[in-house]
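Please work through the following exercises with the sequence and the structure at hand. Each task is followed by a solution in steps.

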Amino acid sequence: MRHEARTASLVLVAALLGACATGQTRMARALDPSMERVLVAESYLGTVTGVSSHPERLMRSDGYVYVADVAPVMRYYAERGDTAPYLALRRYLVANLTRRQETGVELARRYRAGQSFEPAAPSGYFWARKALVQGWQNLGDTTSAVVLAQMVASGSAEASAGSALQSLALACADALELLPGDAAPARATLARGRELVGRRHAPVASTLGGAEGEVDLLSCLTRAGVALDDPDASVRYLDRMLDILSPIQSRSGRTDLGTGADVLLTLHTVRQAGPAWSRPGGPYGR
């Protein structure tokens with residue numbers, strides 16, 4: 001009797017699980033086993049990374065606010081559809097991290113009151129443009145479009161990226177901008193990622209012990225997988241990223257602000273595509 005009761009219970013559990021899965025997308029079912037880790041990572045990084053719409057809170061220990069920090073946070077807010085914090089940072093960017101020349105709008109590397117203008121590197125222009133594009137397209141901010149149109153040309157960020165991981169991360173960001181109209185570049189980026197992710201690469205000084213470039217890439221590849229509705233790629237790159245981030249959580253560490261903002265955007269995107277219980281606004285959402 002006990003055996004029959006246990007068997008009946010198992011059948012009932014299986015039926016309930018099957019019922020819960022009914023109606024879920026393939027992506028949601030694939031992401032489900034990773035969602036507890038996603039929620040933990042999002043909660044932790046949201047607390048320690050320092051993402052904020054207040055520019056003074058983005059100031060580093062040297063007293064400067066860097067475009068390398070401001071631009072990713074702007075993009076984070078723009079892609080999430082958070083208008084007010086995006087506009088606060090866009091106003092700061094225009095007022096303090098740009099200057100008008102005859103050739104157009106130039107971008108500064110960093111800002112501190114009373115200090116001279118320092119031109120931004122190509123990567124600074126690259127990420128500032130990405131943020132302004134999202135602010136224009138997602139939030140309808142016409143000032144972002146004007147600044148974008150007037151910004152001077154810069155060198156190739158990809159050419160100066162310094163590593164294959166960083167170059168592919170930049171290519172991935174470009175590919176995401178072309179979706180959904182042209183999926184080919186994003187698919188090519190996912191395929192190229194399989195060749196690079198997990199290999200040994202030259203170390204980069206960072207709080208992630210040399211893995212910052214790989215996390216940047218994994219974050220973008222995960223969003224590309226979700227955007228292309230490719231569950232296998234999404235889970236592969238997401239789980240790898242969570243594996244790298246796990247040690248810093250146990251050691252109370254943190255990522256660079258730019259990387260942290262991008263990872264938080266990816267985790268938010270994953271929850272939107274994941275099972276209903278984990279989505280923003282759901283039982284564990286915010």
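**Exercise 1.** Which polar atom of the side chain of T98 lies within reach of a backbone oxygen is not asked here; rather, how many Å separate the backbone oxygen of V94 from a polar atom of that side chain?*Solution.* The model is predicted; local features need pLDDT of at least 70, side-chain atom pairs count only at pLDDT 80 or more, and totals for chains, interfaces and linings use all residues. Residues are numbered from 1 along each chain as its sequence is written, and side-chain values use heavy atoms, with hydrogens and water left out.

Step 1. The distance from the backbone oxygen of V94 to a polar atom of the T98 side chain is 2.6 Å. A polar contact is a pair of N or O atoms within 3.5 Å; within protein, one must be able to donate a hydrogen and the other to accept it, and residues adjacent in sequence count only if both atoms are side-chain atoms.

Step 2. T98 belongs to strand 2. Helices (H or I, at least four residues) and strands (E, at least two) are DSSP runs, numbered from the N terminus.

Step 3. T98 counts as buried because its relative accessibility is 15%. Buried means under 20% relative accessible area, exposed over 50%, and partly exposed in between (1.4 Å probe, protein chains only).

Step 4. Leaving aside neighbours within four places in sequence, T98 is in contact (heavy atoms within 4.5 Å) with L93, V105, E106, L107 and F117.

**Exercise 2.** Describe how strand 2 and strand 3 are arranged.

*Solution.* Step 1. Strand 2 covers residues 98–101 and strand 3 covers residues 104–107. The two pair in the antiparallel sense over four bridges; strands pair if DSSP finds at least two bridges between them.

Step 2. Two residues lie between strand 2 and strand 3, and the two strands form a hairpin.

Step 3. Within this pairing, R100 stands opposite V105 in strand 3.

**Exercise 3.** Against which helices do the buried residues of helix 3 pack?

*Solution.* Step 1. Helix 3 spans residues 35–48, which is 14 residues. From its first C-alpha to its last, helix 3 reaches 20 Å, close to the 20 Å expected at 1.5 Å a residue. The expected span is 1.5 Å times one less than the number of residues.

Step 2. The buried residues of helix 3 are M35, V38, L39, A41, E42, Y44 and L45.

Step 3. These buried residues pack against helix 2 (26–31), helix 11 (231–250) and helix 12 (257–273).

Step 4. Just after helix 3, G50 takes a positive phi of about 100 degrees.

**Exercise 4.** Which residues does the disulfide join?

*Solution.* Step 1. A search of the whole structure finds one disulfide, the term standing for a pair of cysteine sulfur atoms within 2.5 Å.

Step 2. The disulfide joins C172 to C220, with an S to S distance of 2.2 Å.

Step 3. C172 is in helix 8 (residues 164–178) and C220 in helix 10 (residues 212–227), so the pair ties together parts that are 48 residues apart in sequence.

Step 4. The link of C172 and C220 is left-handed, with -100 degrees about the S-S bond. Both C172 and C220 are buried.

**Exercise 5.** How many salt bridges does a search of the whole structure find? Examine three of them.

*Solution.* Step 1. The search finds 16 salt bridges. A salt bridge is a side-chain nitrogen of Lys or Arg within 4 Å of a carboxyl oxygen of Asp or Glu. Side chains of opposite charge can pair when their charged atoms come close.

Step 2. The side chains of R110 and D62 meet in a salt bridge at 3.6 Å, N to O. R110 lies in strand 4 (residues 110–111) and D62 in the loop between helix 3 and strand 1 (65–66), so the pair ties together parts that are 48 residues apart in sequence. R110 is buried, at 18% relative accessible area, whereas D62 is partly exposed, at 30%. A network of salt bridges links D62, R109, R110 and E118.

Step 3. R75 and E79 form a salt bridge at 3.3 Å, N to O. Because R75 and E79 are four residues apart in helix 4 (residues 67–80), about one helical turn separates them. R75 is buried, with a relative accessible area of 6%; E79 is partly exposed, with 29%.

Step 4. E195 forms a salt bridge with R192, the closest N and O atoms being 2.4 Å apart. Both lie in helix 9 (residues 184–196), three residues apart, about one turn of the helix.
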